[in-house]
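Q: Please take a close look at the interior of this protein, going through the residues that line it and the parts of the chain that supply them. I would like one connected account that I can follow with the model open beside me.

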Amino acid sequence: MENTNMEIKDYPNVTLLNHPLLKHKVAILRDEKTPTSEFRQVVKEIAMMEGYEALKDVETKEVLIKTPIEETKQPVVEGKKLCFVPILRAGLGMVDGRLELVPSAKVGHLGRYRDESTHKPVEYYCKLPYSLEEREIYVLDPRF
């Protein structure tokens, strides 16, 4: 969101979310006067906004539904194939916002800390759903 020395074009798999409402919500998070309850709500809202963009290419399948007028085939998200994995603890606040979008998604957890001497990440917790190879994984961490 802020200007840095890196160029987005150098990272083809990175999408810059530059929406004015997203910037507004990030400003609320950064404000030291923001109360904890509002902070949590805004993190949830940001996770939903980011999730909307992150999930734009998610796989769907056609199902037959009956409307008041007729039967029709419509696309639905295959939620059982999605998995949200927050990096503890910072990513936990993002889970509810993503589950608002896809309530049937599975959730895993990954805990890491940075070793003070080597500066490398050290895993201290890992709890992931079964059949991980069959799922599309979304890592949740607000620091990225």
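**The interior and its surroundings**

A: Read from the N terminus onwards, the protein runs in the order α-α-β-β-β-α-β-β-β-β, which comes to 3 helices and 7 strands. The model is a predicted one, and its C-alpha atoms fill a box of roughly 60 × 35 × 35 Å along the principal axes. Of the 144 residues, 25% are buried. Among contacts with a separation of 6 or more, 47% link residues that are 24 or more positions apart.

The largest nonpolar core has 12 residues: Val43, Ala47, Leu55, Val58, Leu82, Phe84, Met94, Val95, Val102, Ala105, Tyr138 and Leu140. Two or more of these residues come from each of helix H2 (36–54), strand E3 (82–88), helix H3 (92–101) and strand E7 (136–140). A second core, separate from this one and made of 5 residues, includes Leu22, Ile28, Val42 and Ile46. Val43, a member of the largest core, is in contact with Leu29, Gly93 and Met94 once its neighbours within four places in sequence are set aside.

From the side of H3, the buried residues are Met94, Val95, Gly97 and Arg98, and of these Met94 and Val95 also appear in the largest core. The elements against which the buried residues of H3 pack are H2, E3, strand E4 (106–107) and E7. Met94 is also touched by Asp141, a residue found in the segment that follows E7. Asp141 has a relative accessible area of 8% and is therefore buried, the limit being under 20%. Apart from residues up to four places away in sequence, the contacts of Asp141 are Ile87, Ala90, Gly91 and Met94.

Ile87 leads on to a pocket, since this residue is among those nearest the centre of the second largest pocket, together with Arg112, Arg114, Pro121 and Arg143. That pocket holds about 230 Å³ of space and is lined by 10 residues in total. Strand E5 gives 4 residues, the largest share of the lining.

E5, which covers residues 109–114, also carries Tyr113, whereas Tyr124 lies in strand E6 (residues 121–127), so the pairing of their rings ties together parts 11 residues apart in sequence. The ring centres of Tyr113 and Tyr124 are 6.2 Å apart and the planes meet at 35°, so this pair is classed as tilted; the count of aromatic pairs in the model comes to 2. Both partners count as partly exposed, with a relative accessible area of 44% for Tyr113 and 46% for Tyr124. A further aromatic ring, that of Tyr130, has the charged end of Arg135 sitting over it, 5.2 Å from the ring centre.

Lastly, helix H1 (residues 20–30) contains Val26, which at 16% relative accessibility counts as buried. The C-alpha atom of Val26 is separated by 22 Å from that of Phe84, which lies 58 residues away along the chain and belongs to the largest core.

Note on methods
Residues are numbered from 1 along each chain as its sequence is written. This is a predicted model: local features need pLDDT of at least 70, side-chain atom pairs count only at pLDDT 80 or more; totals for chains, interfaces and linings use all residues. Side-chain values use heavy atoms; hydrogens and water are left out. A nonpolar core is a set of buried Ala, Val, Leu, Ile, Met, Phe, Trp, Tyr and Cys residues joined through side-chain atoms within 4.5 Å. Buried means under 20% relative accessible area, exposed over 50%, partly exposed in between (1.4 Å probe, protein chains only). Contact means heavy atoms within 4.5 Å. Rings of Phe, Tyr and Trp (its six-membered ring) pair if their centres lie within 6.5 Å; planes under 30 degrees apart count as stacked, over 60 as edge-to-face and the rest as tilted. A charge sits over a ring if NZ of Lys or CZ of Arg is within 6 Å of the ring centre and within 35 degrees of the ring normal. On a 1 Å grid over the protein atoms alone, a cavity is a set of points where a 1.4 Å probe fits but cannot get out, and a pocket is an open set with protein on both sides within 12 Å along at least five of seven lines; lining residues have an atom within 4 Å of a point. Grid points are joined across faces, edges and corners, and a volume is the space filled by probe spheres set on the points.
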